[in-house]
Each structure stands twice: as C-alpha cells, then as structure tokens.
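Got the viewer open? Here is a walk through the model, one selection at a time.

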Amino acid sequence: MIRLASHATLLGTILLSAGLAQAEPPAFAADGDIGVCTTAAFPPLTFKESPADLTPTGIDIEIVEALAGLWNAKVNYTVTEFAGLLPTLGAGRCDLIVSGIYINAKRRETYDGVSYMKSATAMVTKAGSDTIKAPEDLSGKVIALEAGAYYKQERIEPLNKELIAKGQPPVEVQEYPTQQAAYQQVLVGRVDATMTEEAEGAYRASRSDGTLQLPYTWASDFTYGIYSRQEGSDAAAVKAGLKALKEQGFFAGIAKKYGLDPALFDVDYDR
C-alpha cells in the first residue's frame with residue numbers, strides 16, 4: 001500500500017473564494033487530515049493516468065477533494081486492492097472509502113455508507129463474441145471477476161441457481177485482484193467475459209481500440225457510496241457535505257466534465 005498526500009486545503013481556499021461556505025467537519029477531519037482508501041484502478045471513478053503518477057484522479061477523487069475543501073482539510077490516500085478496502089477501513093488505517101464501491105445492506109451491517117452516484121452493472125466481452133448477448137448465454141462459460149466485488153453474490157449466484165434449475169451448466173467464476181487483471185483474461189481468451197460498472201466498462205471499451213464490447217447492461221437501482229466507520233455523527237457530516245456540494249452545482253460540473261448524465265448524481269443521501 002502507498003500513502004499519498006494531496007492539496008485539499010488549497011481546494012478549500014478556492015471554494016471559499018468562490019463563495020462556497022464550509023460545512024461542519026466530521027470528527028475524523030477535525031485535525032485537518034482525512035485518510036481515504038481507494039484502488040486508483042477503476043476509471044473514470046478512481047485511477048492513475050500513468051502508473052508513475054503520485055496522486056490518483058477521477059470522479060471519486062474530485063468528490064473527496066471537494067468534501068475536504070468544505071472541511072478545510074487535506075487528503076492522504078491509501079491505495080490498495082478492492083478486497084482490502086473494507087478491512088483497511090476497519091483497521092483504522094483510513095477514515096473513508098471512496099472507490100466505486102456499492103452501497104448494500106451487508107456492508108452497512110459493519111460500516112456507515114452514504115450514496116453519491118447511481119450505477120448499473122455491465123457485462124464486458126471480447127469484441128466479436130456474439131454468442132454472449134444476455135446473462136443466460138454465460139451458461140457453461142467462464143467469467144473473470146475482481147475479488148471482493150459484489151457481482152459474484154448478487155449477479156452470478158442467482159443466475160447459477162436459475163441455470164441449474166433448468167438443467168443447464170452454471171457459470172464458472174475466476175477471481176482476480178484487480179479489474180484490469182480480469183480484462184486481461186478476457187483479452188487473451190482465458191475467460192469469456194467479465195462484469196464491471198457501466199461507466200467504467202464504457203471507459204475501458206472506448207480506449208481498447210475496438211477489442212472490448214458491452215453486450216448487456218443490467219437495469220438496477222444500485223448506488224456508489226462513501227463508507228466510514230460507525231462512529232458518532234460522521235456519516236451525517238458526510239451527508240451534509242454531499243448535500244452542500246449538490247446545492248452549489250458541483251455535481252453538475254462533474255457530470256459535464258466526464259460526459260455523464262447529470263441524473264446519475266440525483267441520489268437520496270438519506271436512503
């Protein structure tokens with residue numbers, strides 16, 4: 001894991017000079033520092049333009065930097081694999097997870113999670129793989145998934161129950177430490193498909209020189225969330241900060257910058 005420093009205090013000065021009021025900080029930001037866990041490997045949400053970059057970029061990073069600006073704090077990043085995000089937060093080695101991670105009831109049993117962006121699940125295959133157009137077409141095939149992602153439990157396991165009930169062979173799952181590694185297995189032909197978030201999959205496909213395609217997207221009401229430990233009013237402060245950014249037009253600007261539908265950021269922060 002790598003600890004990286006950023007300049008959210010400068011951002012806070014910029015926000016204030018633009019007339020944007022600061023919000024009451026959560027307890028974990030009271031000392032002016034916020035530790036954030038992220039994978040830095042999930043574009044366009046959190047990634048590095050180049051492996052040599054010291055600081056990650058993307059939608060998630062801009063959101064947390066804006067929150068830090070409201071709280072007059074700076075951000076220190078802990079970069080880890082997806083499966084290590086929640087354990088690292090639980091161990092107290094960071095204060096927040098901002099890394100394209102879904103809100104779900106299981107995670108909320110242990111951590112507080114606040115939604116900030118809508119999402120959907122997409123299937124990604126090698127271009128020209130026209131035999132796979134829908135989930136049931138994965139019967140008897142192999143799919144690569146990023147370890148720790150929700151797709152195995154909430155997509156593949158229900159699908160396999162349906163397939164087995166019909167007397168059809170289930171989908172075989174192979175797990176890899178990063179989404180990039182899962183893509184590599186698709187490209188070299190070791191697996192038939194992978195699953196990812198729609199915006200991430202579209203971003204990857206658009207930069208794959210025509211080697212990847214998205215044959216299917218699941219309709220869903222999933223949202224990305226910012227996770228924190230269940231301590232005091234910290235989650236309430238995160239909600240208040242997101243609401244303040246929304247009112248100030250921050251998310252409209254992010255949507256325009258990344259070519260996204262602004263409606264993706266119309267979430268219920270209290271849900």
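Start by selecting Asn72. With 43% relative accessibility, Asn72 counts as partly exposed, because that value falls between the 20% limit for buried and the 50% limit for exposed. Keep in mind as you click around that this is a predicted model. Asn72 sits in the loop between helix 2 and strand 5. Check its backbone too: phi is near 55 degrees, a positive value in a residue other than glycine. For background, most residues other than glycine have a negative phi.

While you are in that area, pick strand 5, residues 74-79. Is this strand mostly covered or mostly open? Mostly covered: five of its six residues are buried. Now add strand 2, residues 33-38, to the selection; strand 2 and strand 5 pair in the parallel sense over six bridges. To line the two up by eye, find Thr38, which stands opposite Val79 in strand 5.

Next stop, the interior. Show the side chains of Ile34, Leu96, Tyr116, Leu138, Ile226 and Leu242: in the largest nonpolar core, which has 65 residues, these touch the most other members. Helix 2 (residues 59-70) gives this core its largest share, eight residues. Apart from that core lies another, made up of 10 residues, including Val124, Val142, Ala144 and Ala205. As a rule, nonpolar side chains in soluble globular proteins tend to be buried together.

Zoom in on Leu96 and ask the viewer for its neighbours. Setting aside residues within four places in sequence, Leu96 is in contact with a list that includes Phe28, Ile34, Val36, Val64, Leu89, Ile226, Tyr227 and Val238.

Time for some charges. The structure holds 10 salt bridges, and three of the pairs make good stops.

- Select Arg229 and Asp95. They form a salt bridge, with the closest N and O atoms 3.5 Å apart. Arg229 belongs to strand 13 (residues 223-229), while Asp95 is in the loop between helix 3 (85-90) and strand 6 (96-97), so the pair links distant parts of the chain, 134 residues apart. Both residues are buried. Add Glu231 as well: Asp95, Arg229 and Glu231 are linked in a network of salt bridges.
- Select Glu175 and Lys152. The closest N and O atoms of this salt bridge are 3.9 Å apart. Glu175 lies in strand 10 (residues 172-176) and Lys152 in helix 5 (residues 151-165), so the bridge ties together parts that are 23 residues apart in sequence. Glu175 counts as partly exposed at 43% relative accessibility, and Lys152 counts as partly exposed at 28%.
- Select Asp270 and Lys243. Here the closest N and O atoms of the salt bridge are 3.2 Å apart. Asp270 is in the segment after helix 9 (250-258) and Lys243 is in helix 8 (residues 234-247), a pair that links distant parts of the chain, 27 residues apart. Asp270, at 49% relative accessibility, counts as partly exposed, and Lys243 counts as partly exposed at 31%.

Now colour helix 7, residues 198-206. Which of its residues are buried? They are Ala199, Glu200, Gly201, Tyr203, Arg204 and Ala205. What do they pack against? Strand 3 (41-42), strand 4 (46-47), strand 8 (121-126), helix 6 (179-187), strand 11 (193-197) and strand 12 (212-218). At the N-terminal end of helix 7, look for Glu197, which caps it: a side-chain oxygen of Glu197 lies 2.9 Å from the backbone nitrogen of Ala199.

Stay in helix 7 and centre on Glu200. Glu200 counts as buried, at 0% relative accessibility. Its side chain makes a polar contact with the side chain of Tyr183, at 2.6 Å. Beyond its neighbours within four places in sequence, Glu200 is in contact with Phe42, Pro43, Pro44, Gln179 and Tyr183.

Two of those contacts deserve a click. The peptide bond from Pro43 to Pro44 is cis, with omega near 0 degrees. Pro44 lies in the loop between strand 3 and strand 4. In general, most peptide bonds are trans.

Follow the chain past helix 7 to Asp209, placed in the loop between helix 7 and strand 12. Is Asp209 buried or exposed? Exposed, at 78% relative accessibility. Phi of Asp209 is near 55 degrees, a positive value in a residue other than glycine.

To finish, select residues 33-262. The UniProt record, an unreviewed entry, annotates this span as "domain: Solute-binding protein family 3/N-terminal". The end C-alpha atoms of the span lie 30 Å apart, and the span is 34% helix and 27% strand.

Notes: Residues numbered from 1 in each chain as written. Predicted model: local features only at pLDDT ≥ 70, side-chain atom pairs only at ≥ 80, totals over all residues. Heavy atoms only, no water. Buried < 20%, exposed > 50% of the residue type's maximum accessible area, 1.4 Å probe, protein only. Helix = DSSP H or I, 4+ residues; strand = E, 2+ residues; numbered from the N terminus. Pairing = 2+ DSSP bridges. Core = buried A, V, L, I, M, F, W, Y, C linked by side-chain atoms within 4.5 Å. Contact = heavy atoms within 4.5 Å. Salt bridge = Lys/Arg side-chain N within 4 Å of Asp/Glu carboxyl O. UniProt positions renumbered as here; feature names shortened; annotations may be inferred. Polar contact = N/O pair within 3.5 Å; in protein donor to acceptor, adjacent residues only side chain to side chain.
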